[in-house]
Amino acid sequence: MKALTANRLLDGETVFWNQGEWATRFADAQHFDDPAAAEAAEAHAKSQQTVVVDPYLIDLVESEGLWAPLSYRERLRALGPTNHLHH
């Protein structure tokens, strides 16, 4: 299973692909079990250079009935910390 992630160009916030739109919450990320569909979404996202920076696919793992990013780096990007100015 995979998800598509990037950083929003406007403010650097981590975003996740969901049915043609970028969502700020990992919980809203679209999950791809078809590699061709995942690559097609990635190709479309890469054409949005004025919206996001460096979109790429991440691996997901099922954990306690939910999906989570496999790598520590991606878990941090998905779940925090954030880049809000009040921190």
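**Exercise 1. Which residues on the other side of H2 are exposed?**

Let's work through helix H2 in this predicted model.

*Step 1.* Start with the buried residues. In H2, which covers residues 72–79, Glu74, Arg77 and Ala78 are buried.

*Step 2.* Check how they are arranged. These residues span an arc of only 95 degrees around the axis, so they sit on the same side of H2.

*Step 3.* Now turn to the other side of H2, where Tyr72 and Leu79 are exposed. That settles the opening question.

*Step 4.* Find the cover. The elements over the buried residues of H2 include S1, S2, strand S4 (52–63) and strand S5 (66–69).

*Step 5.* Look just past the end of the helix: Gly80 comes just after H2 and has a positive phi of about 125 degrees.

**Exercise 2. Classify Arg75 as buried, partly exposed or exposed, and describe its surroundings.**

*Step 1.* Place the residue: Arg75 belongs to helix H2.

*Step 2.* Compare its accessibility with the cut-offs, which are under 20% for buried and over 50% for exposed. Arg75 has 32% relative accessibility, and therefore counts as partly exposed.

*Step 3.* List its contacts. Beyond neighbours within four places in sequence, Arg75 meets Val61, Ala68, Pro69, Leu70 and Gly80.

*Step 4.* Pick out a polar pair: a polar atom of the Arg75 side chain is 2.6 Å from the backbone oxygen of Pro69.

*Step 5.* Add a C-alpha distance. Arg75 and Leu60 are 15 residues apart along the chain, and their C-alpha atoms are separated by 9.7 Å.

**Exercise 3. Do the same for Gln30: is it buried or exposed?**

*Step 1.* Gln30 sits in the loop that runs between strand S3 (21–23) and helix H1 (35–46).

*Step 2.* Its relative accessibility is 17%, so Gln30 counts as buried.

*Step 3.* Setting aside residues up to four places away in sequence, Gln30 touches Lys2, Ala3, Trp17, Asn18 and Gln19.

*Step 4.* One of these partners also offers a polar pair: the backbone nitrogen of Gln19 is 2.8 Å from a polar atom of the Gln30 side chain.

**Exercise 4. Identify the largest nonpolar core and say which element gives the most to it.**

*Step 1.* A useful starting point is that nonpolar side chains tend to be buried together in soluble globular proteins.

*Step 2.* The largest nonpolar core here is made of 10 residues: Leu4, Ala6, Val15, Trp17, Trp22, Phe32, Ala38, Ala41, Ala45 and Val52.

*Step 3.* Sort them by element. S1 (2–8), S2 (14–18) and H1 each supply at least two residues of this core, and H1 gives the most, with 3 residues.

*Step 4.* Another core lies apart from this one; it has 7 residues, among them Ala3, Phe16, Leu60 and Ala78.

*Step 5.* Zoom in on Trp22, a member of the largest core. Beyond four places in sequence, the contacts of Trp22 include Leu4, Ala6, Val15, Trp17, Ala45 and Val52.

**Exercise 5. Decide whether the overall dimensions of the chain agree with a compact globule.**

*Step 1.* Sketch the fold: 2 helices and 5 strands, in the sequence pattern β-β-β-α-β-β-α.

*Step 2.* For 87 residues, a compact globule would have a radius of gyration near 12 Å; the chain has 13 Å, which agrees.

*Step 3.* Note the extents too: the C-alpha trace spans about 35 × 35 × 20 Å along its principal axes.

*Step 4.* Finish with burial and contacts. Of the 87 residues, 34% count as buried. Among contacts between residues at least 6 apart in sequence, 52% join residues at least 24 apart.

Notes. Residues numbered from 1 in each chain as written. Predicted model: local features only at pLDDT ≥ 70, side-chain atom pairs only at ≥ 80, totals over all residues. Heavy atoms only, no water. Helix = DSSP H or I, 4+ residues; strand = E, 2+ residues; numbered from the N terminus. Buried < 20%, exposed > 50% of the residue type's maximum accessible area, 1.4 Å probe, protein only. Polar contact = N/O pair within 3.5 Å; in protein donor to acceptor, adjacent residues only side chain to side chain. Contact = heavy atoms within 4.5 Å. Core = buried A, V, L, I, M, F, W, Y, C linked by side-chain atoms within 4.5 Å. Rg over C-alpha atoms; globule rule 2.2 N^0.38 Å. Arc of directions from axis to C-beta.
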